[in-house]
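Please open the structure in your viewer and keep the selection tool at hand. The tour below goes from one selection to the next and says what to look for at each stop.

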Amino acid sequence: MTALRDEYDGLLLDLDGTLYRGRDAVPHAVESIRNAPKTRPLYITNNASRSVSDVAEHLSELGFPVCPANVVTSAQAAAALVAELVPAGARVLVVGTEALAAEITDAGLKPVREVTDAPEAVVQGHSPYTDWSVLAEAALAIRAGAVWVAANLDATLPTERGLLPGNGSMVAALRTATDRTPHVAGKPGAQIFHSAVTRAGLSAPLVVGDRLDTDIAGAHAAGLPSLYVMTGVSQPLDVLLAAPAQRPDFLAEDLRCLAQSAAELRPRPQADWKVTRTLTTVTVEALANTACEIGALRAIAAEVWIQAEPDWKKLVIRGTAAHHVLQTWPGHVGVSRGEGASPSVSVEFDD
Ligand SMILES: [Mg+2]
């Protein structure tokens, strides 16, 4: 058996919800990465406000094997994308932190802060100090025809106090004010993964993350395989209802799966779960006491992902054994996709 970690020469790792939650490392994450010496870990963050060395220091304190060369931020990806779109040495209006301005300089461009500096591009990343006057400069530059690159479109920023407005919320303000749409460098854009792969010279990278709408969607955009872990934001039923462009190749509970074979982690029928389906109802039943939640997820995904769009309406969890393992699942679950279809299903127990 070849372990998943030995089939890829690099892991493009999401941070929050995959490697840590708040101040603590996710259980099993540190040792799982440390036990994978043949694959290079690259730490990918959509947050453009923290510098590479800050991110590396935080990861190192938690115990992850990290050097600054293995950290890729959306600020770096945004700078790389701007550099592709405007001539070398061009002036770039920075809406964001000094860390973002430094990346613009490193990319061979000239960071400026006012529209009177005649910028050819606007780069926008999160900063707690972005106020109306900063957005006003950017709006004028964008209206005058400057190329506009957003580090990411994350609507919210998770903090100890709750969800605060993220870069996507400030981008939305400028979209409203300019009627323009930015290029996006971070996830779910492909640039951040392209930057990481190019820098590390990887030939077989695997994207690893907890969010279908950013990590897994970004992997699809970049044409890379992906692994979903259940330790963060996206929940099992989100996975089952995912659109094709947000479906991962591998499904796992946590990063201990790196020691398992690829075949074990793919959606496929499981010996200890029975999944049956009528037109709109999927029924799942445990066949052995070894049945676990992630097995149910792989077995049901194998059944329902045959279709591009979810057309099932009900999931029945049959029998006490299945009930016990999947006790958090019942309820009414919907997935919002913004524009277009927002599929939903009800999940019920049945003895
Ligand atoms: Mg995450």
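Begin by selecting domain 2 and domain 3, whose centres, taken over C-alpha atoms, are separated by 42 Å in this predicted model. To colour the protein by domain, give one colour to domain 1, which is made of residues 4–46 together with 189–259, another to domain 2, residues 75–184, and a third to domain 3, residues 267–350.

Next, show the whole protein as a cartoon, in which you can look for twelve helices and 20 strands. The radius of gyration is 22 Å, close to the 20 Å that the globule rule gives for 351 residues, so the protein is as compact as a globular protein of that length. If you draw a box along the principal axes, the C-alpha atoms fill roughly 70 × 45 × 35 Å. With contacts displayed, and counting those with a separation of 6 or more, you will find that 69% of them join residues 24 or more positions apart.

Now turn to the interior, bearing in mind that buried residues make up 46% of the 351 residues. In soluble globular proteins, nonpolar side chains tend to be buried together. Here the largest nonpolar core has 104 residues, and those with the most contacts inside it are L12, Y43, A78, V82, V122, V123 and V149. Helix α3, residues 74–85, gives the largest share of this core, namely eight residues.

Select V149 and ask which residues it is in contact with, leaving aside its neighbours within four places in sequence. They are A78, L81, V82, A121, V123, P182, H183 and A185.

Keep helix α3 in view and add helix α7, residues 191–200, since the next stop concerns this pair. Two packed helices are described by the angle between their axes and the distance between the axes. For α3 and α7, the axes come within 9 Å and cross at roughly 90°, which means that α3 is roughly perpendicular to α7. Where they meet, select S74, Q76, A77, A80 and L81 in α3, and then Q191, I192 and S195 in α7.

Finally, move to helix α5, residues 132–143, and select R143, which is found in that helix. Is R143 buried, exposed or partly exposed? R143 has 13 other C-beta atoms within 10 Å, and because a residue counts as exposed at 12 or fewer and as buried at 20 or more, R143 is partly exposed. To end the tour, display the distance between the C-alpha atoms of R143 and A177, which are 34 residues apart along the chain and separated by 9.1 Å.

How values were computed. Residues are numbered from 1 along each chain as its sequence is written. This is a predicted model: local features need pLDDT of at least 70, side-chain atom pairs count only at pLDDT 80 or more; totals for chains, interfaces and linings use all residues. Domain bounds come from an automatic or database domain assignment. A nonpolar core is a set of buried Ala, Val, Leu, Ile, Met, Phe, Trp, Tyr and Cys residues joined through C-beta atoms within 7 Å. Helices (H or I, at least four residues) and strands (E, at least two) are DSSP runs, numbered from the N terminus. Two residues are in contact if their C-beta atoms, placed from the backbone, lie within 7 Å. The radius of gyration is taken over C-alpha atoms; the globule rule is 2.2 Å times the number of residues to the power 0.38. Axes are lines fitted to C-alpha atoms, for helices over the stretch in contact, and angles run from 0 to 180 degrees between N-to-C directions. Angles under 35 degrees count as roughly parallel, over 145 as roughly antiparallel, 65 to 115 as roughly perpendicular and the rest as oblique.
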